[in-house]
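Hi,

Here is the structure I said I would pass on. Have a look at it first, and my notes follow underneath.

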Amino acid sequence: MLNVGVMVSGGGTNLQAVIDAIESGAITNAKIRAVISNNPGAYALERAKKHGIEAVCVSPKSFKSREEFHGALLEKVDSYELDLIVLAGFLVTIPGEMIRKYQNQIINIHPSLIPSFCGVGYYGLKVHEAALRRGVKLTGATVHFVDEGVDSGPIILQKAVEVLPGDTPEVLQRRVMEEAEWKILPKAIDMIANGELEPEFRKENIE
């Protein structure tokens, strides 16, 4: 059984997609051990509690320095003995020590087809605003392993989503979530839980 921790800063719609997939059997051999947020007001914490999942907040505002925060965050993560850490809209930089300690055990969902619209400064609505400015006809989402770069780790899954005339960033964001993010994040977790990425991590596209 894969012990999963989900880290999230906001509403937790991707978290909900993972919870639903576990409860429906779309994800097997995995359970969410804890949901960790940097934001005490994150609705994701309420989503976790509604499903009997431990929900904790480790806020950088509670510490005198970024180093103290990083130390406390890593200590909290370690306490759950996690096999997989899922970044589902976690808007705080993961400390390098944690990335090294959990190498190939941290995955992230990003709302674009990496390498497009990714890297420093590309998060949330900013990604979709950039896609619309550029005039792309296709966008989508990517699940990738986390390394010490920004959105630069090995890709696990990608799914394309059509950009439609008249799209606003908000409308496009919702379509990318519904048609891509909420599908490929649970799929990636299921693949990892069932050993489908062994012995080496494969890139795979879902049509």
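Let's start with Arg47, which sits in helix H2 (residues 43-50); helices here are DSSP runs of H or I with at least four residues, strands are runs of E with at least two, and both are numbered from the N terminus. Arg47 is buried, with a relative accessible area of 17%. For the cut-offs, buried means under 20% relative accessible area, exposed means over 50%, and partly exposed is what falls in between (1.4 Å probe, protein chains only). Leaving aside neighbours within four places in sequence, Arg47 is in contact with Gly11, Gly12, Thr13, Leu15, Gln16 and Ile19, where contact means heavy atoms within 4.5 Å. From Arg47 to Gly11 is 8.5 Å, C-alpha to C-alpha, with the two positions 36 residues apart in sequence numbering.

Before I go on, a word on the ground rules. This is a predicted model, so local features need pLDDT of at least 70 and side-chain atom pairs count only at pLDDT 80 or more, while totals for chains, interfaces and linings use all residues. Residues are numbered from 1 along each chain as its sequence is written, and side-chain values use heavy atoms, with hydrogens and water left out.

Now the cores. The largest nonpolar core has 39 residues, and those with the most contacts inside it are Val35, Val86, Ile107, Leu185 and Ile189. Helix H6 (residues 169-193) gives the largest share of this core, 9 residues. Apart from it lies another core, of 22 residues, among them Val56, Leu73, Tyr80 and Phe90. By nonpolar core I mean a set of buried Ala, Val, Leu, Ile, Met, Phe, Trp, Tyr and Cys residues joined through side-chain atoms within 4.5 Å. If you want one residue to click on, try Ile189: not counting residues up to four places away in sequence, Ile189 touches Leu2, Val18, Ile27, Ala30, Leu84, Val86 and Ile107.

Next, the largest pocket, which holds about 960 Å³ of space. A pocket here is an open set of points on a 1 Å grid over the protein atoms alone, where a 1.4 Å probe fits and protein lies on both sides within 12 Å along at least five of seven lines; lining residues have an atom within 4 Å of a point. Points are joined across faces, edges and corners, and the volume is the space filled by probe spheres set on them. Of the 39 lining residues, Gly89, Phe90, Leu91, Asn108 and Tyr123 are the closest to the centre of the pocket. Helix H1 (13-24), helix H4 (96-101), strand S5 (106-110) and H6 each supply at least two residues of the lining. By class, the lining has 17 nonpolar, 18 polar and 4 charged residues, with Ala, Val, Leu, Ile, Met, Phe, Trp, Tyr, Cys and Pro counted as nonpolar, Asp, Glu, Lys and Arg as charged, and the others, Gly among them, as polar.

Then some backbone geometry to check. Most residues other than glycine have a negative phi, and most peptide bonds are trans. Ile114 and Pro115 are joined by a cis peptide bond, with omega about 20°, and Pro115 is found in the loop between S5 and helix H5 (125-134). Phe117 is placed in the loop between S5 and H5 too, and has a positive phi of about 50° although it is not a glycine. At 16% relative accessibility, Phe117 counts as buried. Asn104, in the loop between H4 and S5, has a positive phi of about 65° and is partly exposed at 36%.

Ile114 also turns up around Thr142, a residue of strand S6 (residues 138-145). Their C-alpha atoms are separated by 6.4 Å, though they are 28 residues apart along the chain. Thr142 is buried, at 0% relative accessibility, and the residues it touches include Asn108, His110, Ile155 and Ile184.

Last, the aromatics: the structure holds 2 aromatic pairs. Phe63 and Phe69 form a tilted one, 6.2 Å centre to centre with 50° between the planes. Rings of Phe, Tyr and Trp (its six-membered ring) pair if their centres lie within 6.5 Å; planes under 30 degrees apart are stacked, over 60 edge-to-face, and the rest tilted. Phe63 is partly exposed at 27%, whereas Phe69 is buried at 0%.

Cheers
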